[in-house]
Amino acid sequence: MRDSSPVPPRAARLSRRAALGLAAAVPLAAASPAAAATPVIGGERLARAGVQVRGAAGLPKRLTARSWLVADHESGEVLASYHAHTHLAPASTLKMLFADTVLKNFERTERHRVTDADLADIPAGSSMVGVKPGITYTVEQLWLGVFLRSGNDAVHVLSHMNGGLARTVAQMQAKAQDLQALDTHVVSPDGFDHKGQVSSAYDLTLFARHGLADADFRAYCHTKTANFPAGGKKTFQIQNTDRLLTGAWGVPTYNGLIGVKNGYTSNAGNTFTGAATRGGRTLLVTVMHPKSGGSGVYEETAALLDWGFKEGAKAQSVGALVDPLSEGGASVAPTRKAAKAAAGAPATAAGDGGSSSWGLVGGAGGAIALLAGGAYAWRRRRRVVGDEAPEGRQGRQDGQEHQDGQEHQDGRERHQG
């Protein structure tokens, strides 16, 4: 169930987040006419190469990720970033968008008897939770398989329930457009490596922020262990593969961690988006493709969270997480070439294939007109993130790390990165 906190009525003034996003466009007006017409979504600094931070020091010195981002969950302010809009393979962090798209299409208690057809199109090498044909599962059990074990089998069953893979992929792409996650190109609902399937640290953070507004999403990503059907009255235990949540593989649990989603593929390496609450403040961190394998993605995420909680209050925003179009967000006009011209955006990852666009918002001239006329308003939904929640393979996918990953086909013994 979604947060039902009152939302202030739309008014002829900008919310703080809208002002941040639009104000970032204003300096571009003086830079060049082309830049003024096409500021980068979330603020032009987010497309710059190198670390982006203002007003705060002490960022971790040994970050190896190709892209990362730290943001305040409530305000949407981006506190620091590194190549936030660079297109990279997302691995199973893309399952956050799958959940954002499909989660509310079925009741938790709905039951489905799995058929061979439901499992026929799972790519070889996929991460699996152990869904078997002939067994009846509740929707809640399937989602636990998605969130805890990153099970592509559970994703494919839910996708078939949703009308098929093609329909689900189309819905996910539409959802990404609504969320203004325009770096994202969806090819499969499970995050498996496919040519042209890309996302970015900015987009993954949008997916997590949107998902955490939903109580079911929040509960699933915070669940550490659950019993999963094995046929008849038999069950087996599954454990969440988020090491910052469970402390697996020698990774210390992170105090205040909520979730959200980790991933691994041979192509992507490790990816992770995490959220944590301390002292009444919730931060979001996305880390993509660190050089260090194994637990490196968790270590770098924890280091960025530590920095955010310690120095974040001093940090001046370098950008903003925008609102969905369906919730009053500004409309966008995707043009990758214009974005690069506007801010010297870093090159996209190899394998992007030109299939995805840089996300752009309306020009600085329009922003100035809106600010002056007061005719434009962004609705900022009050997001509440709970501290507690009930417990409950891809070229090589998720936990099949070369260093320490191992798994069995039935999902009973898998360790995911």
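Me: What makes E8 and strand E9 (residues 269-278) a pair?
Reply: Eight bridges join E8 to E9, and the two run antiparallel. Pairing takes at least two bridges found by DSSP, so these strands count as paired. One bridge links lysine 261 with threonine 273 in E9, and three residues sit between the strands in a hairpin. Keep in mind that this is a predicted model: local features need pLDDT of at least 70, side-chain atom pairs count only at pLDDT 80 or more, and totals for chains, interfaces and linings use all residues. Residues are numbered from 1 along each chain as its sequence is written, and side-chain values use heavy atoms, leaving out hydrogens and water.

Me: How do you know that strand E8 (residues 257-265) is largely enclosed by the rest of the structure?
Reply: Nine of its nine residues are buried, so E8 earns that description. Buried means under 20% relative accessible area, with exposed over 50% and partly exposed in between (1.4 Å probe, protein chains only).

Me: Why is H9 described as largely enclosed?
Reply: Because twelve of the twelve residues of H9 are buried. Among them are Tyr202, Asp203, Arg209 and His210.

Me: Why is H4 called roughly perpendicular to H8?
Reply: Helix H4 (residues 95-102) and helix H8 (residues 165-179) pack at about 95°, with axes 9 Å apart. Angles under 35 degrees count as roughly parallel, over 145 as roughly antiparallel, 65 to 115 as roughly perpendicular and the rest as oblique, so H4 is roughly perpendicular to H8. Where they meet (heavy atoms within 4.5 Å), the residues include Phe98 and Asp100 in H4 and Met172 and Lys175 in H8.

Note on methods. Helices (H or I, at least four residues) and strands (E, at least two) are DSSP runs, numbered from the N terminus. Axes are lines fitted to C-alpha atoms, for helices over the stretch in contact, and angles run from 0 to 180 degrees between N-to-C directions.
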